[in-house]
Amino acid sequence: MRVLVIQNYDGSGLGQVATALDEAGAEIDLRMAHHGEALPENSDGYDAAVILGGGQNALADDEYPYIPPLLELARDFSNKDKAVLGICLGSQLLARAFGGKNQIGGAREFGWCPVSLTDAGAADPVLRHAPRDFSIFQWHDDTFSIPEGALHLASSHVASSQAFRVGRATYGVQFHFEADQKLVREWNAAFADTIAQKQPQWPALYEAEAARHGPGADAAGLALARAWVGMI
């Protein structure tokens, strides 16, 4: 199993998705696209692709000119029935790739937040491994519309487009199910200045929030990661 991973931002990472891929014995080809590392021309030689999150928005082609080719690459994987996973920014890019409309700003969620599965999500081979209602880590300002023909799998009160599926195994997931408590702690340190500006109360709240929501979110996130890897 060979998996292409596109990293869009320093400090992002696979988190619990790495755990599930390691369990499956996957070989990972990591491309730091935001640092100019070239993308493959197509999906040949790969079984799946993961597109991670980032601080930029999904329409930032001028600053990140690799975005349009990345959209083409994602469509190539999906059209060849290879599994694709986009998380946070990755989900926003997948929505754009398949005809959804991106909304920049106006949908801020941060911290462990409630998410609910739709009926389609509760029946989905990946999303059904999470509870019908659960808390999971979020960090985004933007949102998107569900692409036409895609299945809408999960929603929240702030951003209804929390997860969707195109075809058999192309998943866009807005929430950070890969971010277990270990990764969130790393983000607290790596992005301390950004968090202090946007969420100044977070350092004081973190320990209590982690104790309240962390164990359940970690369990749900790992279950989702394993289920998606099972689709490869």
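At roughly what angle do the axes of helix H5 and helix H7 cross? Keep that in mind as you explore this predicted model.

**Stop 1: H5 and H7.** Select residues 181-190 for helix H5 and residues 202-231 for helix H7. Their axes come within 10 Å and cross at roughly 160 degrees. Angles over 145 degrees count as roughly antiparallel, and H5 and H7 are therefore roughly antiparallel to each other. Their crossing is right-handed. Now show the side chains: on H5, pick Gln-181, Val-184, Arg-185 and Asn-188. They meet a set of H7 residues that includes Trp-202, Tyr-206, Glu-207 and Asp-218. Colour this contact by class and you will find 5 nonpolar, 3 polar and 3 charged residues.

**Stop 2: H1 and H7.** Keep H7 on screen and add helix H1, residues 16-23. Here the axes come within 8 Å and cross at roughly 45 degrees, which makes H1 oblique to H7. This crossing is right-handed. Try selecting Val-17, Ala-20 and Leu-21 of H1, which are among the contact residues, along with Leu-222, Ala-225 and Val-229, which are among those of H7. The contact of H1 with H7 divides into 7 nonpolar, 3 polar and 3 charged residues.

**Stop 3: the largest pocket.** Where should you centre the view? Select Tyr-9, Gly-54, Gly-55, Gln-56 and Trp-139, the lining residues nearest the centre of the largest pocket. The pocket holds about 450 Å³ of space and is lined by 21 residues. Strand S7 (133-140) and helix H6 (192-198) each give two or more residues to this lining. By class, the lining has 5 nonpolar, 11 polar and 5 charged residues.

How values were computed
Residues are numbered from 1 along each chain as its sequence is written. This is a predicted model: local features need pLDDT of at least 70, side-chain atom pairs count only at pLDDT 80 or more; totals for chains, interfaces and linings use all residues. Side-chain values use heavy atoms; hydrogens and water are left out. On a 1 Å grid over the protein atoms alone, a cavity is a set of points where a 1.4 Å probe fits but cannot get out, and a pocket is an open set with protein on both sides within 12 Å along at least five of seven lines; lining residues have an atom within 4 Å of a point. Grid points are joined across faces, edges and corners, and a volume is the space filled by probe spheres set on the points. Helices (H or I, at least four residues) and strands (E, at least two) are DSSP runs, numbered from the N terminus. Ala, Val, Leu, Ile, Met, Phe, Trp, Tyr, Cys and Pro count as nonpolar, Asp, Glu, Lys and Arg as charged, and the others, Gly among them, as polar. Axes are lines fitted to C-alpha atoms, for helices over the stretch in contact, and angles run from 0 to 180 degrees between N-to-C directions. Angles under 35 degrees count as roughly parallel, over 145 as roughly antiparallel, 65 to 115 as roughly perpendicular and the rest as oblique. A crossing is left-handed if the near helix is turned anticlockwise from the far one by less than a right angle, and right-handed if clockwise. Contact means heavy atoms within 4.5 Å.
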